[in-house]
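Work through the exercises below with the sequence and the model side by side. Each task is followed by a worked solution.

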Amino acid sequence: MANAQDIEAMRDWLSKQPHLPEKIDDFLIERFLLSCRGSLERTKTVMDSFFKLRSEAPEFFTNRDPRQEAVQAMLRAIDTVTLPKRTKEGYQIYLHRLEDTDPEKFDFTAYGKAFFMLVDTRFRSETEIPNGDIPVFDMAGFTFKHLTRLMSALGAVRKYMQITQDTNPLRLKNIHVINTNSLITMPIPYWINQFDYFRPLTSIPFNGFQLQFHSTMDTFTEYIPLELLPEEYGGSGGKLADIREAHYKRIEENREWLLQEPWLSDERKRPAGSRKSIHDSSSAVNGSFRSLALD
């Protein structure tokens with residue numbers, strides 16, 4: 001848990017920032033303090049950028065009605081779910097996968113809006129902050145057509161990457177990519193070049209964790225115990241349909257809050273000279289990229 005004095009110090013600082021939201025709960029402050037390892041100055045910079053970058057992405061953070069057809073379509077087409085069980089280290093696993101593999105239904109901008117609704121309501125509802133996060137990307141059904149649709153939305157991809165990598169109050173431990181295909185399992189130098197390509201879009205490198213590619217479940221379960229995974233993956237962590245439904249319910253329960261469009265800065269009110277560079281401090285969130293590995 002974060003130090004109560006640090007939370008109070010952050011609350012005092014926030015009260016003096018006219019461009020930042022008035023209603024910021026302690027649970028969000030605590031998340032940032034933990035992800036920035038207790039550094040007040042880095043927490044200030046990262047929180048400021050968190051609200052600023054969101055205000056610059058209206059396609060994701062305005063008109064946030066989970067009942068919108070485009071949002072509902074993405075919730076049905078793409079699973080982004082937090083698994084019920086955590087690892088023995090207290091790490092939270094969240095799974096991304098295509099439920100509907102039709103590339104014509106892949107709309108990255110609508111997906112981004114749905115994704116951030118899921119993330120924000122998770123932050124609001126989680127009573128115990130995990131010791132770290134492990135994203136798992138299941139690439140089954142992902143094709144070159146999906147990739148071309150992704151590349152056609154580079155503006156939205158850029159904002160998504162900046163927000164998730166630069167400012168989200170998470171402590172990433174590892175990223176796993178499973179059910180890889182020939183599009184994904186290209187030589188590692190190719191992937192390094194792809195990260196070099198995207199790095200100008202978001203200059204925050206990843207934290208000292210590994211990006212692991214798995215062509216079989218055998219290598220994946222060396223890192224993530226099978227019992228933590230949903231039944232569809234041979235585990236005992238519940239059925240994906242039930243997990244998905246719980247997420248839908250959580251978003252609907254938070255609909256009125258989402259419609260208020262919280263957690264946005266008002267840049268018109270920003271005091272002169274207060275702007276800081278996220279690139280100076282947000283490495284406290286995600287640090288530096290260490291390695292890729294292919295199984």
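Contact means heavy atoms within 4.5 Å. The model is predicted.

**Exercise 1. Place Pro169 and list what it touches.**

Step 1. Find the element. Pro169 sits in the loop between helix 8 (154-166) and strand 4 (174-178).

Step 2. Check burial. The cut-off for buried is under 20% relative accessible area. Pro169 has 3%, so it is buried.

Step 3. List the contacts. Leaving out residues up to four places away in sequence, Pro169 touches Arg31, Phe32, Ser35, Phe50 and Phe123.

Step 4. Compare sequence and space. Pro169 and Glu30 are 139 residues apart in sequence. Their C-alpha atoms are 9.2 Å apart.

Step 5. Follow one contact further. Arg31 is one of the residues touched by Pro169. Arg31 also belongs to a salt-bridge network with Arg86, Arg122, Glu126 and Asp133.

**Exercise 2. Is Phe61 buried or exposed, and which residues is it in contact with?**

Step 1. Phe61 is found in helix 4, residues 58-61.

Step 2. Its relative accessible area is 1%, so Phe61 is buried.

Step 3. Set aside neighbours within four places in sequence. Phe61 is then in contact with Arg54, Phe116, Asp120, Ile163, Glu261 and Leu264.

Step 4. Add a distance. Phe61 and Leu258 are 8.7 Å apart, C-alpha to C-alpha. In sequence they are 197 residues apart.

**Exercise 3. Describe the surroundings of helix 5 and of Thr82 in strand 1.**

Step 1. Helix 5 covers residues 69-77, and its buried residues are Val71, Met74, Leu75 and Ala77.

Step 2. Those buried residues pack against strand 1 (78-82), strand 2 (91-98), helix 6 (108-125) and helix 11.

Step 3. Move to strand 1, where Thr82 lies. Its relative accessibility is 15%, so Thr82 counts as buried.

Step 4. Residues up to four places away do not count here. Thr82 touches Gln92, Ile93, Tyr94, Arg122, Ile243 and His247.

Step 5. Link back to the network. Arg122, touched by Thr82, is also a member of the salt-bridge network that includes Arg31.

**Exercise 4. Which parts of the chain do the salt bridges Arg67-Glu252, Arg244-Asp79 and Glu104-Arg149 link?**

Step 1. Start with the total. The structure holds 24 salt bridges.

Step 2. Take Arg67 and Glu252. Their closest N and O atoms are 2.4 Å apart. This pair links distant parts of the chain: Arg67 is in the loop between helix 4 and helix 5, and Glu252 is in helix 11, 185 residues apart. Glu252 counts as partly exposed, at 34% relative accessibility.

Step 3. Take Arg244 and Asp79. Their side chains meet in a salt bridge at 2.6 Å, N to O. Arg244 is in helix 11 and Asp79 in strand 1, 165 residues apart. Now check burial. Arg244 has a relative accessible area of 15%, so it is buried. Asp79 has 1%, so it is buried.

Step 4. Take Glu104 and Arg149. The N to O distance is 3.8 Å. Glu104 lies in the loop between strand 2 and helix 6, while Arg149 is in helix 7 (residues 144-151), 45 residues apart. Glu104 is exposed, with a relative accessible area of 58%. Arg149 counts as partly exposed at 30%.

**Exercise 5. Which residues form the negative surface patch, and where is Asp242 found?**

Step 1. Glu231, Glu232, Asp242 and Glu245 form the patch.

Step 2. Asp242 is found in helix 11, residues 240-253.

Step 3. Exposed means over 50% relative accessible area. Asp242 has 52%, so it is exposed.

**Exercise 6. Summarise the whole protein: secondary structure, burial, contacts and surface.**

Step 1. Count the elements. There are 14 helices and six strands.

Step 2. Take burial. Of the 295 residues, 53% count as buried.

Step 3. Take the contacts between residues at least 6 apart in sequence. Of these, 81% join residues at least 24 apart.

Step 4. Take the surface. The accessible surface comes to about 13800 Å². Carbon and sulfur atoms account for 51% of this surface.

Note on methods. Residues numbered from 1 in each chain as written. Predicted model: local features only at pLDDT ≥ 70, side-chain atom pairs only at ≥ 80, totals over all residues. Heavy atoms only, no water. Patch = residues over 30% accessible without salt bridge, like charges linked within 9 Å, V, L, I, M, F, W, Y side chains within 5 Å. Areas by Shrake-Rupley, 256 points an atom, 1.4 Å probe, with all protein chains shown as cover. Salt bridge = Lys/Arg side-chain N within 4 Å of Asp/Glu carboxyl O. Lys, Arg positive; Asp, Glu negative; His and termini not counted. Charge placed at Lys NZ, Arg CZ, Asp CG, Glu CD. Helix = DSSP H or I, 4+ residues; strand = E, 2+ residues; numbered from the N terminus. Buried < 20%, exposed > 50% of the residue type's maximum accessible area, 1.4 Å probe, protein only.
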